[in-house]
Amino acid sequence: MYNTFFCLFDECERLTEDSDFRRKITMPMKDFFQFNSKAFVSATPLQVSDPRFEGFQWIKIKPDFDYKKPLNLIVTNSYDYSVRQLLLGHLVNSSRVFIFLNTTNGIDKIVNTLGIEGQSRIFCSEKSVKKLKKKGYTNVSSLYSEPIAKYNFLTCRFYSALDIILKVKPDIVMLTNLYEAEHSMIDPYTEAVQICGRFRKEIDGSTFNSITHLTNVRNTLKVKTDEEIDIELEEKLKTYESLQARYNETTDATRKKAIIDDINRLGLAEFATKLDDGLLEIDHFAIDNYYNNERVKRYYLSGNALREAYEGTNHFTVNYRNVFLAVGDSDRLELKELPTFMERCKLMVDKLNKLQADPDRDFYINILKQEKDGELIIEAYEKLGVEVFANKKYQRADIKKELDKYNTELLRFSSIVVQEVKEAFPLNVPMPQEDIKNQLQDIYKRYGIDYKVKKNTIEDYYDASPSYHKKPYTYTLKAIKKFPTN
């Protein structure tokens, strides 16, 4: 077989890109290097460090025409808002939108938040298909197939090695949300190029209407330089080689076990395959993956870094713009990380104050409500005013108690309850106070009003004349009071 056949490994960069979460993807390489005639090929290859590639010839084919594609790069501090504006605003009239996003939780959130399930199809792994079907999705598949929908979501397994042939030109959207899924980062040099290459049919000289990559950035990402990785791996590999030599030299089983224990503590498991004796076989693609992941992360430290990366590919002409809004993804992350109610409360109140005149206030309010204690803080802010927080010294229990009291009063004097009270009691007829109290308590119970009725509670609703001349004491209700309609 190795002498007769030519072994061609297509989309070869996937061995490097996917080896961290698809460990078995490099297993065919043991056979690959045994073929006399063989090649790695891709439109977007990555450098490889495996010493078995020594002696291979690099052949690069350069087009003699302009092949750059126009790309809209939108860097935003408010991912959810910008996705809404893009899909339901700018692309609302598009007949076909293909959305590449490598997180099914993120896809689920977009579909539900925007209310587009009836207009969507989702293509993802078999495991993710099962997860989404448990949530009630029916428009989900592990294989690309037609008919397609207006909004078509695809995870990373569909970024390459797929031909999509359409009768209309699609709008291509790539999404990255670093605050919810760092693995949704898209590499401009490989994945972005491959994604745009999925669409094969030219219509009026082009295979697409538009290409957009919408992303947030994080200057707080923990990123290592190549030099730092060099030092880290050099030290680990030197230590491993020393331990391996000691393992091979000793014949004592106890010593061998102790050495294997030391090897396991080196943190090399992600860069190697464990052999039967406990020693390691270094996987150079896994090491390349480590360097590659850090390279891509560096692009997402800033909008300018990502723009420069796209321009450096020579595949795109970049139209770059920033979208910075009142409530950003970093604010939401900060809210999640704040340990106390007081800290969350102060930050959220500050945001609410700044949103007063914002035309998109309702959208941001809905976003903030999703954060811990968000609904309580926002409801208290809107119903009780900003003063309640300082007055109650930012104590959650006291603020909630004040809010519950307000809501109880609001319900006690709602139009439906007032109307029932009005119908329950006749005017100008002496009635036992105890009967009135019990009847009013029954009305409250029916409406879920947590309030202990007293004998004089009826006076909250009526101008009433009490009588204490003889038992049972009575009330004569003269007139219902006026209440604001609500």
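Buried here means under 20% relative accessible area, and partly exposed covers the range from there up to 50%. With that in hand, here are some close-ups of this predicted model.

**Close-up 1. Y2 and F35 meet edge-to-face.** The structure holds 31 aromatic pairs. In this one, the ring centres of Y2 and F35 are 5.0 Å apart and the planes stand at 85°, so the pair counts as edge-to-face. The two rings bring together distant parts of the chain, 33 residues apart: Y2 belongs to the segment before β1 (6-10), while F35 sits in the loop between α2 (29-32) and β2 (37-41). F35 has a relative accessible area of 9%, so it is buried. Y2, at 24%, is partly exposed.

**Close-up 2. F100 and Y159 form another edge-to-face pair.** Here the centre-to-centre distance is 5.9 Å, with 70° between the planes. F100 comes from strand β4 (residues 97-100) and Y159 from the loop between β7 (151-154) and β8, so look for two parts of the chain that are 59 residues apart. Both partners can be placed by their accessibility: F100 is buried at 0%, and Y159 is buried at 2%.

**Close-up 3. Phenylalanine rings join into a cluster.** Take a moment to trace the ring pairs here, which link F9, F32, F33, F40, F53, F56 and F285.

**Close-up 4. Helix α10 lines up its buried residues on one face.** In this helix, which spans residues 303-312, the buried residues are G303, L306, R307, A309 and Y310. Viewed down the axis of α10, they fall within an arc of 160°, so they line one face of the helix. Their cover includes strands β3 (69-76), β8 (171-176), β9 (210-215) and β12 (316-323), along with helices α6 (191-196) and α9 (284-299). After the helix comes N314, with a positive phi near 65°.

**Close-up 5. A salt bridge within α10 joins E311 and R307.** The closest N and O atoms of this pair are 3.3 Å apart. Both residues lie in α10, four residues apart, or about one turn of the helix. E311 is partly exposed at 35% relative accessibility, whereas R307 is among the buried residues of the helix.

**Close-up 6. E379 and K383 meet in helix α14.** Their side chains form a salt bridge with an N to O distance of 2.8 Å. The helix covers residues 374-384, and the partners, four residues apart, are separated by about one helical turn. E379 is partly exposed at 27%, and K383 is partly exposed at 32%.

**Close-up 7. A salt bridge connects E434 with K455.** The N to O distance is 3.8 Å. E434 lies in helix α18 (residues 433-446) and K455 in the loop between α18 and β14 (462-467), so the pair ties together parts that are 21 residues apart in sequence. E434 has 35% relative accessibility and K455 has 40%, with K455 counting as partly exposed.

**Close-up 8. Salt bridges also form a network.** The structure holds 33 salt bridges. Those in this view link D80, K109, E180, R332, K336 and E371.

**Close-up 9. Charged ends sit over tyrosine rings.** The charged end of K256 lies over the ring of Y247, 3.8 Å from its centre. In a second example, R412 places its charged end over the ring of Y451, at 4.1 Å from the centre.

Note on methods: Residues numbered from 1 in each chain as written. Predicted model: local features only at pLDDT ≥ 70, side-chain atom pairs only at ≥ 80, totals over all residues. Heavy atoms only, no water. Buried < 20%, exposed > 50% of the residue type's maximum accessible area, 1.4 Å probe, protein only. Arc of directions from axis to C-beta. Contact = heavy atoms within 4.5 Å. Salt bridge = Lys/Arg side-chain N within 4 Å of Asp/Glu carboxyl O. Phe/Tyr/Trp six-rings, centres within 6.5 Å; stacked < 30°, edge-to-face > 60°. Lys NZ or Arg CZ within 6 Å of the ring centre and 35° of its normal.
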